[in-house]
Amino acid sequence: MRKLGIIIGVAALSLAGPALAYKLIAKSVTVVAGKAVTVTPGRDWNRIGFARGKVAESWTLDGLALNDVTFFGGIPDNTTLIKDRQKREAPLPRFSKSMLPPDIAQLFEGTYRVALRTSQFSIDSVEPATFAGKQGFHFRYSFELINENVKRKGEAYGAINNGKLYLMTYEAPAIFYFDRNRADFAALVESARI
């Protein structure tokens with residue numbers, strides 16, 4: 001009976017899909033993230049081994065459920081932020097180079113509402129900011145994932161440069177993790193260059 005339980009457990013793990021692969025991004029080493037944003041981290045990070053889109057990638061310290069920094073490195077006009085996996089049933093909103101900061105915040109919200117199928121999402125503030133040496137914007141947001149009773153907070157810095165959107169986001173559970181690693185995200189943003 002015990003062997004049967006082990007076999008079922010191994011089979012379930014294999015059906016769950018491939019394990020996430022991580023690559024260490026060492027402290028003080030300048031790297032290109034999202035194929036276009038150059039950053040120099042102030043501490044070691046882990047790069048996730050799968051891409052969310054052609055120019056989108058995520059980093060974490062403790063696992064994506066606890067802290068997630070995502071780089072969107074030059075989203076072209078009329079393109080989605082992440083890979084549009086359900087184009088027919090639930091198409092993702094598309095970026096337009098004529099968007100203003102509030103429009104980009106709504107684009108981000110719309111992407112999360114469709115991709116994560118969550119109705120629990122709010123944009124908490126939008127303001128001007130400098131990002132990667134360019135005139136840009138900063139917005140804060142909060143959300144909950146479906147079937148999870150964990151409030152998450154996030155913030156994003158971005159800019160449109162030569163008609164493309166460059167964006168960095170950070171999100172984590174509102175309790176403990178968001179505040180714990182917010183300064184680490186701020187240091188990445190401060191080092192960012194396009």
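Author: Let's start with one term: a residue counts as buried when its relative accessible area is under 20%. Keep in mind that we're looking at a predicted model. Take Tyr112: its relative accessibility is 10%, so Tyr112 counts as buried.

Reader: Okay, and how much of the protein chain counts as buried?

Author: Of its 194 residues, 41% do. The chain's exposed surface comes to about 10,700 Å², with 55% of that supplied by carbon and sulfur atoms.

Reader: What are the building blocks, and in which pattern do they come?

Author: You'll find three helices and 10 strands. Walking along the sequence, you meet them as α-β-β-β-β-β-β-α-β-β-β-β-α. Contacts can reach a long way along the chain, too: among those between residues at least 6 apart in sequence, 44% join residues at least 24 apart.

Reader: Let's zoom in on a helix. How far does α2 reach from its first C-alpha to its last?

Author: The idea is to compare the reach with an expected rise of 1.5 Å a residue. Helix α2 covers residues 101-115 and spans 21 Å, close to the 21 Å expected. Just after α2, Arg117 has a positive phi of about 55°.

Reader: Which residues of α2 are buried?

Author: They are Ile104, Ala105, Leu107, Phe108, Glu109, Gly110, Thr111 and Tyr112. The cover over the buried residues of α2 includes strands β6, β7, β8, β9 and β10.

Reader: Now a strand. Which residues lie on each side of β5?

Author: With a strand, check both faces. On one side of β5 sit Ala56, Ser58 and Thr60, on the other Glu57 and Trp59, and all of these are buried. That fits the count for β5, residues 56-60, where five of five residues are buried.

Reader: And in which sense does β5 pair with β4 and with β6?

Author: Look for bridges between strands. β4 and β5 pair in the antiparallel sense over two bridges, and Arg47 has Trp59 of β5 as its bridge partner. β5 and β6 are antiparallel as well, over four bridges; there, Glu57 stands opposite Phe71 in β6.

Reader: What should I know about a nonpolar core?

Author: Here's the general idea: in soluble globular proteins, nonpolar side chains tend to be buried together. In this model, the largest nonpolar core has 24 residues, and those with the most contacts inside it are Val39, Trp59, Val69, Phe71, Phe131, Met168 and Leu188. Elements that each supply at least two residues of this core include β2, β3, β6, β7 and helix α3. There's also a second, separate core of 20 residues, with Phe72, Phe95, Ala105 and Tyr141 among them.

Reader: Phe71 keeps coming up. What is Phe71 in contact with?

Author: Skip its neighbours within four places in sequence, and Phe71 still contacts many residues, including Ala33, Val39, Glu57, Trp59, Leu167, Met168 and Leu188.

Reader: How many aromatic pairs are in the whole structure, then?

Author: A search finds 18. To read a pair, check the distance between ring centres and the angle between planes. Tyr112 and Phe121 are edge-to-face, at 5.6 Å centre to centre with 65° between the planes. Phe121 counts as buried at 6% relative accessibility. Compare Tyr157 and Phe185: they form a tilted pair at 6.2 Å, with 45° between the planes. Tyr157 lies in strand β9 and Phe185 in helix α3, so this pair ties together parts 28 residues apart in sequence. Both Tyr157 and Phe185 are buried.

Reader: Which residues join Tyr112 and Phe121 in one aromatic cluster?

Author: Phe108, Phe137, Phe139, Tyr141 and Phe143 belong to that cluster with them.

Reader: One last thing: how far apart are Pro173 and Arg152 in sequence and in space?

Author: In sequence they are 21 residues apart, but in space 4.2 Å, C-alpha to C-alpha. Pro173 lies in strand β10 and counts as buried, at 9% relative accessibility. Its contacts beyond four places in sequence include Ala65, Leu66, Arg152 and Phe178. For a second case, try Asn161, which is in strand β9. Asn161 is buried too, with a relative accessible area of 17%, and touches Lys134, Tyr166 and Ile194, leaving out residues up to four places away in sequence.

Conventions:
Residues numbered from 1 in each chain as written. Predicted model: local features only at pLDDT ≥ 70, side-chain atom pairs only at ≥ 80, totals over all residues. Heavy atoms only, no water. Buried < 20%, exposed > 50% of the residue type's maximum accessible area, 1.4 Å probe, protein only. Contact = heavy atoms within 4.5 Å. Core = buried A, V, L, I, M, F, W, Y, C linked by side-chain atoms within 4.5 Å. Phe/Tyr/Trp six-rings, centres within 6.5 Å; stacked < 30°, edge-to-face > 60°. Areas by Shrake-Rupley, 256 points an atom, 1.4 Å probe, with all protein chains shown as cover. Pairing = 2+ DSSP bridges. Expected span 1.5 Å × (residues − 1).
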